[in-house]
Amino acid sequence: MKQVDPKEIAKLCLHLENHYKTQLQSTEHRWAIVSQWDIPEDSRVLELGCGQGDCTAVLADLVGPNGHVTAVDPGAPDYGGPFTLGQAQVHLSSGPLGESISWKRAFPIEFLNSDESGEYDIAVLVLCTWYFSTPSILTETLSALNKKAKRILIAEWDLSSGKPSTNAHVLAVLTQAALEVRKEETVSNVRTLFTPSTIEAAASEAGLKLEKASVLDTADDVLDGYWEVLAVKDEGFVKQIEKFVQNERERYLVKSMREALLGALKDVGGPKNVKSMGVWCGSFVRAQ
């Protein structure tokens, strides 16, 4: 597989001038994930849940000028900050990778049911399954992908902790999910929690089999754990619990989970010492 230079790719992504290091850690993290798989040059790739395009840029550079990435996301063009999805995507399209990327604004199922462009070599879902509103939508999406892609590559946080420094990230995500499941509508990036085993089960139901899997140890500078911890630690999170969790016992459960997180933070000396959990990377092919 072709080697790419994350430093050069990060420069192509839209970022504030004094936030290049933040952009670089995101690009390096995506490259570390993508490098767990064998994606040949010239591949025709379908990426679901592309967001602002951090992984899209890595994939476009990887497949080269004779390959192509179709990047799909349901997010509105004005969503996100400090730059919106629309601004970030337009910026990438105006650069040297632009000819290798097509952006599509649609929910995955909506796109897959209407797409008539034929079969893709590879479909990629990187750190996006937790955005799915229900478990059944993941199974439905994978069933549709089974007819559209030769290989399906999925990467998601592995929801396990092998060391104290990642405990807080795991607890923060579980606490957020316990709150978000009580909301009819949510904009959180933690909506439905899938573990490696539940992803495998959904894939099996969709007619796919696991070809290989690995767990990537996340680099120390990846900030996702830090950000998730701050979201739960914030006092505004307590107000959300009071607003959305009506059952008294359930309310105490979510509050207790938050207290467990605060305890884990004390153990490591505060949010800045939190490390992000590992990422599970699975490769699936058709079962028959």
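Helices (H or I, at least four residues) and strands (E, at least two) are DSSP runs, numbered from the N terminus. The model is predicted: local features need pLDDT of at least 70, side-chain atom pairs count only at pLDDT 80 or more, and totals for chains, interfaces and linings use all residues. Residues are numbered from 1 along each chain as its sequence is written, and side-chain values use heavy atoms, with hydrogens and water left out.

**Exercise 1. Place Ala57 and describe its surroundings.**

Step 1. Ala57 belongs to helix α3.
Step 2. Check its accessibility. Buried means under 20% relative accessible area, exposed over 50%, partly exposed in between (1.4 Å probe, protein chains only). Ala57 has 0% relative accessibility, so Ala57 counts as buried.
Step 3. List its contacts (heavy atoms within 4.5 Å). Leaving aside neighbours within four places in sequence, Ala57 is in contact with Ile9, Cys13, Leu92 and Leu97.
Step 4. Take one distance. The C-alpha atoms of Ala57 and Pro77 are separated by 18 Å, and these residues are 20 apart along the chain.

**Exercise 2. Work out the strand order of the sheet and find what packs on it.**

Step 1. Two strands pair if DSSP finds at least two bridges between them.
Step 2. Seven strands form an open, mixed sheet, in the order β3-β2-β1-β4-β5-β7-β6. Strands β3 and β6 (208-216) are the edges, as each pairs on one side only.
Step 3. Look at one pair. β1 (residues 44-48) and β2 (residues 68-73) are parallel, with five bridges. Arg44 stands opposite His68 in β2.
Step 4. Add the helix. α3 (residues 54-63) packs on the sheet and touches β1, β2, β3 and β4 (120-126). The direction of α3 makes about 165° with that of β2. Axes are lines fitted to C-alpha atoms, for helices over the stretch in contact, and angles run from 0 to 180 degrees between N-to-C directions.

**Exercise 3. Compare the settings of Ser100 and Ser276.**

Step 1. Ser100 sits in the loop between α4 (85-93) and β3 (101-105). Its relative accessibility is 6%, so Ser100 counts as buried.
Step 2. Not counting residues up to four places away in sequence, Ser100 touches Ala60, Gly64, Pro65, Gly67, His68 and Val69.
Step 3. Ser276 sits in the loop between α11 (248-268) and β7 (279-286). With a relative accessible area of 5%, Ser276 is buried.
Step 4. Find what lies by its side chain. A polar atom there is 3.0 Å from the backbone oxygen of Val222. A polar atom of the Ser276 side chain is also 3.5 Å from the backbone nitrogen of Asp224.

**Exercise 4. Which residues of helix α8 are buried, and where do they lie around the axis?**

Step 1. In α8 (residues 196-205), the buried residues are Pro196, Ile199, Ala202 and Ala203.
Step 2. They cover an arc of only 125° around the axis, so they lie on the same side of α8. The arc is that of the directions from the helix axis to the C-beta atoms.
Step 3. Ser197 and Glu205, on the other side of α8, are exposed.
Step 4. The cover over the buried residues of α8 includes α6 (135-146), β5 (149-157), β6 and β7.
Step 5. Gly207 follows α8, and its phi is positive, near 85°.

Definitions and conventions: Polar contact = N/O pair within 3.5 Å; in protein donor to acceptor, adjacent residues only side chain to side chain.
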